[in-house]
Amino acid sequence: MRMRLLAAAAVLVSAAVHLKLWIDVFRDEEVVGPAFLANAFGGLVIAVLLVLWRHWLPLLLSVGFGASTIGAFVTAATVGLFGVHEHWTGGYVWTAFAAEVVAILAGALAAVGEGWLSRNQLQHERSVRGAHLD
């Protein structure tokens with residue numbers, strides 16, 4: 001549960017940074033503005049799921065959230081993203097980046113630690129789904 005809580009905290013930090021940047025900077029951006037707001041809301045939902053739902057899906061969402069957010073920033077910092085060109089400078093950039101790396105690592109470590117990636121767990125999941133289909 002510690003890794004889930006760490007992943008939830010990391011996702012919340014990234015979400016909070018994106019909400020703050022949406023309010024201060026990106027609110028009026030046509031595409032990136034709504035994406036920052038969706039990131040903030042999505043991060044909140046993922047954090048809640050990580051704590052309340054003992055399933056593999058929130059762990060996958062944590063990893064995907066971190067990876068996709070980093071991917072979007074790297075794109076914005078290299079070739080630009082919908083007209084926005086970012087730079088690897090500033091406290092918000094590094095805070096969000098660190099939080100997203102932690103979200104990826106903690107989500108993956110929790111999945112391993114909880115046995116979600118083991119063959120036995122996958123077989124159990126299939127058998128449970130199969131039992132529900134009868």
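Reader: What makes up the secondary structure of this chain, in helices and strands?

Author: There are five helices and zero strands in it, where a helix is a DSSP run of H or I with at least four residues and a strand a run of E with at least two, numbered from the N terminus. Along the sequence the pattern reads α-α-α-α-α. A word on the basis: this is a predicted model, in which local features need pLDDT of at least 70 and side-chain atom pairs count only at pLDDT 80 or more, while totals for chains, interfaces and linings use all residues. Residues are numbered from 1 along each chain as its sequence is written, and side-chain values use heavy atoms, with hydrogens and water left out.

Reader: Happy with that. What angle do helix α3 and helix α4 make, and why does it earn them the name they get?

Author: α3 (residues 56-78) and α4 (residues 91-113) pack at about 150 degrees, and their axes lie 8 Å apart. The axes are lines fitted to C-alpha atoms, for helices over the stretch in contact, and angles run from 0 to 180 degrees between N-to-C directions. Angles under 35 degrees count as roughly parallel, over 145 as roughly antiparallel, 65 to 115 as roughly perpendicular and the rest as oblique. So α3 is roughly antiparallel to α4.

Reader: What is the handedness of the crossing, and which residues of α3 and α4 meet?

Author: The crossing is left-handed, the term for a near helix turned anticlockwise from the far one by less than a right angle (clockwise would be right-handed). From α3 come L59, S62, V63, G66, A67, T69, I70 and F73, and they meet V93, F97, E100, V101, A103, I104, G107, A108, A110 and A111 of α4. Contact here means heavy atoms within 4.5 Å. By class, that contact has 13 nonpolar, four polar and one charged residues; Ala, Val, Leu, Ile, Met, Phe, Trp, Tyr, Cys and Pro count as nonpolar, Asp, Glu, Lys and Arg as charged, and the others, Gly among them, as polar.

Reader: How do you know whether the span of α4 agrees with its number of residues?

Author: The expected span is 1.5 Å times one less than the number of residues. For the 23 residues of α4 that gives 33 Å, and the end C-alpha atoms are 32 Å apart, so the two agree. α3, also with 23 residues, reaches 33 Å, close to the 33 Å expected.

Reader: Why is N39 called buried, and what makes Y92 partly exposed?

Author: Buried means under 20% relative accessible area, exposed over 50%, and partly exposed in between (1.4 Å probe, protein chains only). N39, in helix α2, has 14% and therefore counts as buried. Leaving out residues up to four places away in sequence, N39 touches S14, A15, H18, F65 and T69. Y92, in helix α4, has 41%, so it counts as partly exposed. Beyond its neighbours within four places, Y92 is in contact with V17, K20 and L21. Y92 and L21 are 71 residues apart in sequence, yet 8.3 Å apart from C-alpha to C-alpha.

Reader: Which residues of α3 and α4 are buried, and what do they pack against?

Author: In α3 they are P58, L59, S62, F65, G66, T69, I70, F73 and A76, with α1 (2-26), α2 (32-52) and α4 among what covers them. In α4 they are V93, A96, A99, E100, A103, A106, G107, A110 and A111, packing against α1 and α3. Of the 134 residues of the chain, 34% count as buried.
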